[in-house]
Amino acid sequence: MRRRIPSLEALVAFEAAARHQSFTRAAVALSLTQSAVCKQIAALEDYLGLALFHRVKKRISLTEAGELYARQIGEDLDRLERHTGALMTHRGEGNVLELASVPTFATRWLIPRLGAFKARHPGITLNLTTRSQPFIFTDTGFDAAIHFGSPEWPGASTSALFGEEMIPVCSPQLLPPAGCASAAELARLPLLHHSGRHDAWPRWFEHAGVRDVEVGAGARFELFSMLIEAALARLGVALVPRFLAQRELAAGELVVPFQRSLESAQAYYLVIPETPGPSAALLRFAAWLQDEAAAYRQGASSPGAARALPDGAAARDGHA
């Protein structure tokens with residue numbers, strides 16, 4: 001059965017015109033004539049049965065349908081280009097993995113360990129993209145994902161890596177000379193928030209036995225990496241997973257102002273789609289990742305970590 005899709009030439013011309021908001025600039029970018037671009041887009045609109053551009057004199061703008069289609073087609077062409085480049089580079093050997101991961105986990109925990117994976121499996125290339133929310137694998141080119149949340153993911157299997165211990169951190173210069181003797185004193189300092197964890201500070205204070213305190217005020221940041229940088233900049237106290245701030249705690253750039261941690265009910269998971277089955281390269285990566293996660297859970301220095309805490313660092317920040 002023939003697929004009901006327009007020609008690739010028409011889609012490329014449309015995407016370029018939508019991106020440049022100009023048939024002329026699209027023609028230059030594609031090394032075509034303006035007439036050729038116009039003909040391709042007219043053929044595409046005829047195929048779809050609707051207008052993609054408003055045309056007013058010599059200016060164009062996307063219609064509502066055109067804006068939606070441009071976003072979708074742009075993503076599809078990017079994926080097609082990425083898959084084609086990977087196939088050409090690796091000669092179709094199937095040793096390229098496309099992994100989606102929550103952002104700060106990728107930069108702070110996974111990437112520093114990838115040198116060990118590369119040394120063990122030099123023939124496997126891992127491409128890493130950040131994704132904060134679950135998605136449908138069939139709509140993407142991802143082979144697997146690292147997700148924080150619950151173990152439920154439709155159409156995929158999940159395997160737990162480790163949980164999350166939330167601790168308050170701040171610059172030592174932010175603290176009063178006497179420090180914070182109680183959680184109530186901590187509440188008087190500026191509190192920094194993760195925009196996706198609205199209940200984190202209320203739960204931490206409740207766990208610390210402090211109620212009836214206003215903790216909603218304060219700046220909000222989308223990523224834990226932003227929160228850590230904000231704490232380093234002395235903007236306030238951030239509530240972050242301990243493992244994400246280990247480097248700064250070990251260096252003394254950040255301190256824990258009050259020793260009370262909060263275990264999250266959620267965890268980090270490796271997610272693998274059920275269809276198609278995992279490739280040999282993905283199985284090797286999954287086995288390596290589970291070994292690294294087990295070493296972290298046991299408190300051992302990972303052989304793949306680029307940075308390790310010096311002896312006694314855990315005791316210095318109050319968590320043996």
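Trainee: Is R242 buried or exposed?
Mentor: Buried. This is a predicted model, and in it R242 comes out at 8% relative accessibility.

Trainee: OK, and what does the R242 side chain meet in a salt bridge?
Mentor: E165, with N to O at 2.8 Å. That pair links distant parts of the chain: R242 sits in the loop between β9 and α10, E165 in strand β6, and they're 77 residues apart. E165 counts as buried too, at 12% relative accessibility.

Trainee: How many salt bridges turn up in the whole structure?
Mentor: Seven. Another one is R108 with E248, where the closest N and O atoms are 2.8 Å apart. R108 is in helix α5 and E248 in helix α10, so this pair ties together parts 140 residues apart in sequence.

Trainee: Which residues share partners with those two in a network?
Mentor: R247 joins R108 and E248 through shared salt bridges.

Trainee: And E45 with R55, buried or exposed?
Mentor: A bit of each. E45 counts as buried at 12%, while R55 is partly exposed at 42%. Their side chains meet at 2.9 Å, N to O.

Trainee: Switching to rings: how many aromatic pairs are there?
Mentor: The structure has 26. One of them is F162 with F243, edge-to-face, 5.3 Å centre to centre and 80 degrees between the planes.

Trainee: Why does that pair tie together parts far along the sequence?
Mentor: Because F162 lies in strand β6 and F243 in the loop between β9 and α10, 81 residues apart. Both F162 and F243 are buried.

Trainee: Which cluster do ring pairs link them into?
Mentor: One with F105, W109, F148, Y268 and Y296 alongside F162 and F243.

Terms used
Residues numbered from 1 in each chain as written. Predicted model: local features only at pLDDT ≥ 70, side-chain atom pairs only at ≥ 80, totals over all residues. Heavy atoms only, no water. Phe/Tyr/Trp six-rings, centres within 6.5 Å; stacked < 30°, edge-to-face > 60°. Helix = DSSP H or I, 4+ residues; strand = E, 2+ residues; numbered from the N terminus. Buried < 20%, exposed > 50% of the residue type's maximum accessible area, 1.4 Å probe, protein only. Salt bridge = Lys/Arg side-chain N within 4 Å of Asp/Glu carboxyl O.
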